[in-house]
Amino acid sequence: MSASTKRPRLKLNLLGNDGQRKCKEIMDRPVKVLQIGEGNFLRGFVDWMLHESARQGKFHGSVVVTQPRPGGKAKLEQIRDQDGLYTMITRGLSQGKAVERTEMISIFSQCMNPYEEWQAFLKLAELPSLEFVISNTTESGLKYIQSDYVEGEPVSSFPGKLTVFLHQRYVRFEGDPSRGLIHLPCELLEGNGDVLRSCVLRHSEDFGYSDAFRNWIKDHNLFLNNLVDRIVTGAPAQEEADTLAGRWGYEDQLINTAEPYHFWAIQADEGLDKKLPLKQAGLNVHWVKDLKPYQVRKVRILNGAHTLMSSLGILQGKQYVRETMEDPEFGPWIREAVHQEIVPALDMPDHQLDQYAEEVFERFLNPYINHKLQDIALNTIGKFKVRVLPTLLSYEQTQNSWPTRLVRGFAGLLLLYRPVNTLDGYHGHRFNGESVVLKDDPDVLAALTAHWESYDSLRRDRQQLNDRLAAVLSDSTIWGENLNERRGLREALLDEIVLLEGETE
């Protein structure tokens, strides 16, 4: 943005009396949430939800936001510079209709850098109003790293910092059972609450804390497993940001964008919605007894459809999910694969799964999101084993036949993953001969390269192809089992590969 067109930075005093009053009414509420994570996802998911509930007069609290790593300082300073305010744009498709909403989010009452304000950070633990700790530090941030605690110095890891924080609260309130906190780690790990609890207990031993403190952690703090789902795309491109600044009359360095769809399943008693009234506010939040069905549903349908389309799409020269779904042949194929082969293999009511699938397709068609197939294909062998292979095997066991569309997707994967090892890494090839970089486990790529090395794709020798397929499928280090022992699978894959190769001629 040029100096002549530069707009003032978003701050409270730019909003006018009514805007200031509405924002401050929320920001001045007691601190109920400590948020570990300043990134786009939490701001476009949890903070947006809390603000909506607060706006409706249901959530009577505010959020203190901190960063989990020293590298988050710049973003935290931007939040502080904008008085905790940022603009949230929700856009995409919802029930077949285009949606675009712009909101001012004002849920943050304080920003705290624990690496520079350690004592002030710990002082937050003494707030009687505090009830929740919500985090998203990525999967790499939610893990135990053995460390010592030197009094007065910040702990590097998120679980380590939280352990000291909780001990400060335990000491301040003399182990009062009612002062335990509710922890909602939003990192994309199965059993994320259990993982965080385990880390805190291990750190409590590292730091020499008492058994009584550990019992308080176990008995009077809730570490809730939960599943989050929303595509948060962050800031728009600079050109659009400049246009928006001109329209709004201010520059917002924290603009965040997200799709309309949002889903949060929390494994806990529904009575907790009184403390965190998100469902009451009409948001797609569910307090459930068992997360497993929701996790399986997401992995098998949403993630499974992504993985299923990625290899075949790349082979055919497609670049984006939306482009693939809009294709007159590929789009219906994906829909049929989900409704006719993935859904029947899942142990949930079909009508619920079919409705969820339609929501997924609508998300895939969001005109504001360009989701690259190449990004989905990163580590695709491992993803296929978790997202598609269990459905493929389950379908065969229950239906006594191999699902033709899932088999075709598997065949596409095997066609793309005939790696050639070059000086700049492993490569596969599209049907048009164009090279594609394969980014996956090096050991898996090396094994596949060895299995396909003697195969001459130009000869189109069925027996040779059958032998190579047998070798690939038999490699349990790749698939976790000997798939060649699955009766009829190799033959089904052989037929599909022959068909796919024939279609390229």
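This report walks through the pockets, helices and a few single residues of a predicted model.

**The annotated domain**

Let's start with what the record says. UniProt, in an unreviewed entry, lists residues 32-278 as "domain: Mannitol dehydrogenase N-terminal". In the model, that span is 33% helix and 23% strand, and its end C-alpha atoms sit 14 Å apart.

**Open and closed spaces**

If you're hunting for somewhere to put a probe, the largest pocket comes in at about 1,200 Å³. Its lining counts 34 residues, and those nearest the centre are Glu139, Leu188, Lys298, Asn303 and Arg387. Which element gives the largest share of that lining? It's H10, with 9 residues. Helix H10 runs over 292-315, and at least two lining residues each also come from strand E9 (226-229), helix H14 (373-376) and helix H15 (380-387).

There is enclosed space too: the structure has 3 cavities of 30 Å³ or more. The largest cavity holds about 80 Å³. Around it you'll find Ile231, Leu302, His306, Val321, Arg322, Arg363, Phe364, Ile369 and His371. Helix H10 turns up again here, since two or more residues of this cavity's lining come from each of H10, helix H11 (321-326) and helix H13 (350-364). So H10 contributes to the lining of the largest pocket and to that of the largest cavity.

One more residue of helix H10 deserves a look, namely Ser310. With a relative accessibility of 0%, Ser310 is buried, because anything under 20% counts as such. Beyond its close sequence neighbours (up to four places away), Ser310 touches Leu373, Ile376, Ala377 and Thr380.

**Helices H16 and H19**

Helix H16 covers residues 389-399, and its buried members are Leu389, Thr391, Leu392, Leu393, Ser394, Tyr395 and Glu396. What do they pack against? Quite a list: H10, helix H12 (330-342), H15, H17, H20 and H21. Right after H16 comes Asn400, which has a positive phi near 60°.

Further along is helix H19, made of the 13 residues 462-474. From first C-alpha to last, H19 reaches 18 Å, close to the 18 Å expected at 1.5 Å a residue. At its start, a side-chain oxygen of Asp461 comes to within 2.9 Å of the backbone nitrogen of Gln463. The buried set in H19 is Gln464, Leu465, Asn466, Arg468, Leu469, Ala470, Val472 and Leu473. In an α-helix there are 3.6 residues a turn, so residues three or four places apart point the same way. The packing partners of H19's buried residues are helix H17 (404-416), helix H18 (442-452), helix H20 (476-479) and helix H21 (489-503). H17, H20 and H21 therefore appear among the partners of the buried residues of both H16 and H19, where contact means heavy atoms within 4.5 Å.

**Two buried residues with partners far along the chain**

Pro159 is in helix H6, and its relative accessible area of 0% makes it buried. The C-alpha of Pro159 is 7.0 Å from that of Tyr144, 15 residues away along the chain. Leaving out neighbours within four places, Pro159 is in contact with Gly141, Leu142, Lys143, Leu196, Cys199, Val200 and His203.

Val285 belongs to strand E13, residues 285-288. Is Val285 buried or exposed? Buried, at 1% relative accessibility. Its C-alpha is 4.7 Å from that of Trp264, although the two are 21 residues apart along the chain. Trp264 is also one of the residues that Val285 touches, together with Met49, Ile266, Leu278 and Lys279, when residues up to four places away are not counted.

**Positive phi in loops**

Two loop residues have a positive phi without being glycine: Asp83 and Glu174. Here's how they compare:

| Residue | Phi | Loop between | Relative accessible area |
|---|---|---|---|
| Asp83 | about 60° | helix H4 (73-81) and strand E3 (86-94) | 28% |
| Glu174 | about 55° | helix H6 (158-172) and strand E7 (182-185) | 74% |

Asp83 counts as partly exposed, whereas Glu174 is exposed, because its 74% is over the 50% cut-off. Helix H6, which contains the buried Pro159, is also the helix that comes before the loop with Glu174.

Technical notes
Residues numbered from 1 in each chain as written. Predicted model: local features only at pLDDT ≥ 70, side-chain atom pairs only at ≥ 80, totals over all residues. Heavy atoms only, no water. Helix = DSSP H or I, 4+ residues; strand = E, 2+ residues; numbered from the N terminus. Expected span 1.5 Å × (residues − 1). Buried < 20%, exposed > 50% of the residue type's maximum accessible area, 1.4 Å probe, protein only. Polar contact = N/O pair within 3.5 Å; in protein donor to acceptor, adjacent residues only side chain to side chain. UniProt positions renumbered as here; feature names shortened; annotations may be inferred. 1 Å grid on protein atoms, 1.4 Å probe; cavity = no way out; pocket = protein on both sides within 12 Å on 5 of 7 lines; lining within 4 Å. Points joined across faces, edges and corners; volume = space filled by probe spheres on them.
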